[in-house]
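Please open the model in a viewer and keep the sequence panel beside it. The stops below are arranged so that each selection leads to the next.

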Amino acid sequence: MDKLSGKLESMLKEVEKEISKFLDDHAFYLEFKNKSWAACPSGQTLLALTTLAINLKYNIETMKKHGL
């Protein structure tokens, strides 16, 4: 049986791929550092994906400490 931390690592890799793709698709806006971009739906999506990735990484490390 796979450990829960292993399943979450797989999920984290998928989220990281989505973030990378998202950054590539929106590079024009990020290059010009348009601050209002962060308030639009695309900026909020990027923020949500990044928060998800950070939380998953933290949860994975915690589960590994507990042998899960």
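What covers the buried residues of α3? The cover includes α1, residues 4-25. Please bear in mind throughout that this is a predicted model.

**The whole chain**

Begin with the chain in cartoon view. It holds 3 helices and 0 strands, and its pattern along the sequence reads α-α-α. Of its 68 residues, 22% are buried. The exposed area of the chain is about 5400 Å², of which carbon and sulfur atoms supply 60%. Among contacts with a separation of 6 or more, 71% join residues 24 or more positions apart.

**Helix α3**

Next, select residues 41-65, which form helix α3. How far apart are its end C-alpha atoms? They are 36 Å apart, and this agrees with the expected span, because 25 residues at 1.5 Å a residue should also give 36 Å.

Within this selection, colour G43, L46, L49, A53, L56, I60 and M63, the buried residues of α3. An α-helix has 3.6 residues a turn, so residues three or four places apart point the same way. Then move just past the end of α3 to G67, where phi is positive, at about 75 degrees.

**The nonpolar core**

Now show the side chains of L8, L12, V15, I19, F22, L46, L49, A53, L56, I60 and M63. These 11 residues make up the largest nonpolar core. Both α1 and α3 supply at least two residues each to this core. Which helix gives the most to it? That helix is α3, with 6 residues.

**M63 and its contacts**

Keep M63, a member of the core, and centre the view on it. Apart from neighbours within four places in sequence, M63 is in contact with L4, S5, L8 and L68. One of these, L8, also belongs to the largest nonpolar core.

**G6 and I60**

Finally, select G6, which lies in helix α1. Is G6 buried, partly exposed or exposed? G6 counts as partly exposed because its relative accessibility is 33%, whereas buried would require under 20% and exposed over 50%.

Add I60 to the selection and draw a distance between the two C-alpha atoms. G6 and I60 are 54 residues apart in sequence, yet their C-alpha atoms are 7.9 Å apart in space. I60 is itself one of the buried residues of α3, and what covers those residues includes α1, the helix in which G6 lies.

How values were computed. Residues are numbered from 1 along each chain as its sequence is written. This is a predicted model: local features need pLDDT of at least 70, side-chain atom pairs count only at pLDDT 80 or more; totals for chains, interfaces and linings use all residues. Side-chain values use heavy atoms; hydrogens and water are left out. Helices (H or I, at least four residues) and strands (E, at least two) are DSSP runs, numbered from the N terminus. The expected span of a helix is 1.5 Å times one less than its number of residues. Buried means under 20% relative accessible area, exposed over 50%, partly exposed in between (1.4 Å probe, protein chains only). Contact means heavy atoms within 4.5 Å. A nonpolar core is a set of buried Ala, Val, Leu, Ile, Met, Phe, Trp, Tyr and Cys residues joined through side-chain atoms within 4.5 Å. Accessible areas come from the Shrake-Rupley method with a 1.4 Å probe; for residues, only the protein chains shown count as cover.
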